Amino acid sequence: MSTTDTTKSDAFVVDALWWRSNPDPLVGHQGIDNNLLAQYNALVRSLTPQHEDLSIIDFEKLIARKTELVTLLFVGDDLLGTAQASLIRPAGVRTVWIEKVVVHADCRGRGLGRLLMEQTEQYARSRFSKDPGLRICLTSRAERGTKEFYERLGFNGTPTIRYQK
């Protein structure tokens, strides 16, 4: 994978469920295969080292859930980013929770994260609700630049208290 010249204009984002259902042999796209899954697992593991690799069956189950959305960011045949969104209803409020947002480390700072987040939000709104009042929430690690990145996308940070035992 050559990531040195990768730009936002080279990339495209798809809903993994659509990708699975619309193979295109003319461009070499066969849906969900072992190569794609290996790239996906490596990306998520770069964000969350304790991530257990998903099998094709587990990945298929994940993307088939009516309350889940997995987006995939490609440049050519290379998977360079992914995000996962879940529909939840705390206290009856329809909320999309975005998590596991990751762009390949060599491709950050080129607009790919913005593209991935914008498309994930667009796919989530179209799949889960046309209601403009749908809440979009996310959590993120306190890594350098993440607060500013999400604020540029219109997210407002809120102080949270996290307990763990």
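Begin by selecting the largest nonpolar core, a set of 26 residues in which Leu73, Val96, Ile98, Val101, Leu116, Met117 and Tyr150 have the most contacts inside the core. Colouring by element then shows where the core comes from: strands E1 (11–15), E2 (68–75), E3 (78–88) and E4 (95–103), together with helices H4 (112–128) and H5 (146–152), each give two or more residues to this core. Helix H4 gives the most, with six residues. Apart from this core lies another one, of 18 residues, and Leu36, Leu37, Leu47 and Leu62 are among its members. Please keep in mind throughout that the model is predicted.

**The whole chain**

Zoom out and switch to a cartoon view, in which the chain resolves into five helices and five strands. Followed along the sequence, these elements come in the pattern β-α-α-α-β-β-β-α-β-α. The chain has 165 residues, and 39% of these count as buried. If you draw a contact map, consider the contacts between residues at least 6 apart in sequence: 61% of them join residues at least 24 apart. A surface representation covers an accessible area of about 10,100 Å², with 51% of that area belonging to carbon and sulfur atoms.

**Val101 and the largest pocket**

Select Val101 next and show what surrounds this residue. Beyond residues up to four places away in sequence, Val101 touches Leu47, Thr82, Ala83, Leu116, Met117 and Tyr150. Val101 is one of the residues with the most contacts inside the largest nonpolar core, and Leu47, which Val101 touches, is one of the residues of the other core.

Now display the largest pocket, whose volume is about 990 Å³. Which residues lie nearest the centre of the largest pocket? They are Leu47, Val101, Ser140, Thr146 and Tyr150, out of a lining of 32 residues. Helices H2, H4 and H5 and strand E4 are the elements that give two or more residues to this lining, and strand E4 gives the most, with six residues. Coloured by residue class, the lining of the largest pocket divides into eleven nonpolar, eleven polar and ten charged residues.

**Lys100 on strand E4**

While strand E4 is on screen, select Lys100, which is found in this strand, and check the backbone torsions. Lys100 has a positive phi of about 50 degrees although it is not a glycine. Is Lys100 buried, partly exposed or exposed? With a relative accessible area of 33%, Lys100 is partly exposed, because that value falls between the 20% limit for buried and the 50% limit for exposed.

**Tyr150 on helix H5**

Move to helix H5 and select Tyr150, which has its place there. Tyr150 counts as buried, because its relative accessibility is 11% and the limit for buried is under 20%. Leaving aside neighbours within four places in sequence, Tyr150 is in contact with Val101, Met117, Leu138, Ser140 and Phe155. A distance monitor drawn between the C-alpha atoms of Tyr150 and Leu138 should read 9.3 Å, for two residues that are twelve apart in sequence.

**The second largest pocket**

Leu138 leads on to the second largest pocket, in which about 610 Å³ of space lies. The lining here consists of 20 residues, of which Leu138, Thr139, Ser140, Gly157 and Thr158 lie nearest the centre. Strand E5 (135–138) and helix H5 are the elements that give two or more residues to this lining, and helix H5 provides the largest share, five residues. By class, the lining of the second largest pocket divides into seven nonpolar, eight polar and five charged residues.

Select Thr139 from this group; the residue is found in the loop between strand E5 and helix H5. Apart from neighbours within four places in sequence, Thr139 is in contact with Trp97 and Ile98. The C-alpha atoms of Thr139 and Trp97 are separated by 8.2 Å, although the two residues are 42 apart along the chain.

**Last stop: His51**

Finally, select His51, placed in the loop between helix H2 (34–47) and helix H3 (56–64). Is His51 buried or exposed? His51 is buried, with a relative accessible area of 14%. Not counting residues up to four places away in sequence, His51 touches Asn41, Val44 and Arg45.

How values were computed. Residues numbered from 1 in each chain as written. Predicted model: local features only at pLDDT ≥ 70, side-chain atom pairs only at ≥ 80, totals over all residues. Heavy atoms only, no water. Helix = DSSP H or I, 4+ residues; strand = E, 2+ residues; numbered from the N terminus. Buried < 20%, exposed > 50% of the residue type's maximum accessible area, 1.4 Å probe, protein only. Contact = heavy atoms within 4.5 Å. Areas by Shrake-Rupley, 256 points an atom, 1.4 Å probe, with all protein chains shown as cover. Core = buried A, V, L, I, M, F, W, Y, C linked by side-chain atoms within 4.5 Å. 1 Å grid on protein atoms, 1.4 Å probe; cavity = no way out; pocket = protein on both sides within 12 Å on 5 of 7 lines; lining within 4 Å. Points joined across faces, edges and corners; volume = space filled by probe spheres on them. Nonpolar A, V, L, I, M, F, W, Y, C, P; charged D, E, K, R; others polar.
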